[in-house]
Amino acid sequence: MKPNNKTIIYDDTCPMCTWYTGAFVKTGLIAPEGRKAFSNIDPQLMAAIDLQRGRNEIPLVDMATGQVHYGIDAMLEVLAQKMPWIKKTGNLPPVKWFLFRLYRMVTYNRRVIVAPAAHPNAFDCTPDFNKRYRSYFMLLCLVINTLLLFPLHGYIFSNSVFASVTINQLLLGHTVLVALNLLLLAGLPNKTGLEYLGQVNMLATLFFLLCLPLFFYNKYLMTTGAIVNTVYLGLLSGFIGREYIRRMRYAGIWPRYKWVIVADLVSMALFFTLIFV
């Protein structure tokens, strides 16, 4: 399958999908005309794919034969253009098993990862809600966030206005926040509750990812940057607060479930009380 024979159809409301399919074009894996957005494809191409499956797994169409690859198979076909060994390796049973599940966890949660702004006239290619892969995603986020508490404390908090906070206080505050978020599920419909938990998990992960520059700054460049750390954490907290409101709107929490926002504010107040006691 030559690059100019392939057409990949992507979710153009998803910045992540837009980015990596754009990278395929820039690296010559896909011809520029072979990258089509779901919101801008012609009826003939639309008829060639399984729309329901295409919402969950990105379709790659061979324009010469009409064959369609989906999801991880589509990815392997594209990457094999320059690295043939990837397709062979990726199709080994244990590797394929892992890649398939990794791809599904990402694709079923891509709207949680980026919470894209809606485009009124765009084709709705929102992935199906998959409870199992949403649970896997939230568990992964929880593990990552918990583990990153240790470098957060060791390299950043200990060199800021939070220097008096111990790692045990931080872990206790974190545990209480997780428990309170789980309690909020009792007052929310099942799907809405899992959407809410997915968004707050992603927000916490986003906070830690944006702390990575501070980790490296404190570990390798400077050990007395208390002012830098404090200012950075303040600005980051402001960004996360703004992102929280945006994501709560996206998840349908605001304004329908205003009590959830109030409960989160109380939870954060309790968190800061616990870590400063």
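I began with the largest nonpolar core of this predicted model, which holds 43 residues, and looked up the members that touch the most other members: these are Leu152, Ile156, Tyr196, Phe207, Cys211, Leu233 and Ile253. I then asked which elements give two or more residues to this core, and noted helix H6 (93-108), helix H8 (131-156), helix H9 (167-184), helix H10 (190-221), helix H11 (226-250) and helix H12 (258-276). Of these, H10 gives the most, with 13 residues.

Next I took up Ile156 and left aside its neighbours within four places in sequence, after which I found Ile156 in contact with Pro151, Cys211, Leu214, Phe215, Asn218, Asn229 and Leu233. Two of the names in that list, Cys211 and Leu233, had already come up among the core members that touch the most others.

Apart from this core I noted another, made up of 17 residues, which include Tyr20, Phe24, Leu29 and Ile30.

I turned to the protein as a whole, where I listed twelve helices and four strands, and where the C-alpha trace spans about 70 × 45 × 35 Å along its principal axes. Of the 277 residues, 44% are buried. For contacts with a separation of 6 or more, I noted that 69% join residues 24 or more positions apart.

Last, I looked at surface and charge: the accessible surface comes to about 14,700 Å², and carbon and sulfur atoms account for 67% of that area. I recorded 26 positive and 14 negative side chains, with the centres of the two sets 6 Å apart.

Terms used
Residues are numbered from 1 along each chain as its sequence is written. This is a predicted model: local features need pLDDT of at least 70, side-chain atom pairs count only at pLDDT 80 or more; totals for chains, interfaces and linings use all residues. Side-chain values use heavy atoms; hydrogens and water are left out. A nonpolar core is a set of buried Ala, Val, Leu, Ile, Met, Phe, Trp, Tyr and Cys residues joined through side-chain atoms within 4.5 Å. Buried means under 20% relative accessible area, exposed over 50%, partly exposed in between (1.4 Å probe, protein chains only). Contact means heavy atoms within 4.5 Å. Accessible areas come from the Shrake-Rupley method with a 1.4 Å probe; for residues, only the protein chains shown count as cover. Lys and Arg count as positive and Asp and Glu as negative; His and the chain ends are not counted. The place of a charge is taken as NZ of Lys, CZ of Arg, CG of Asp or CD of Glu.
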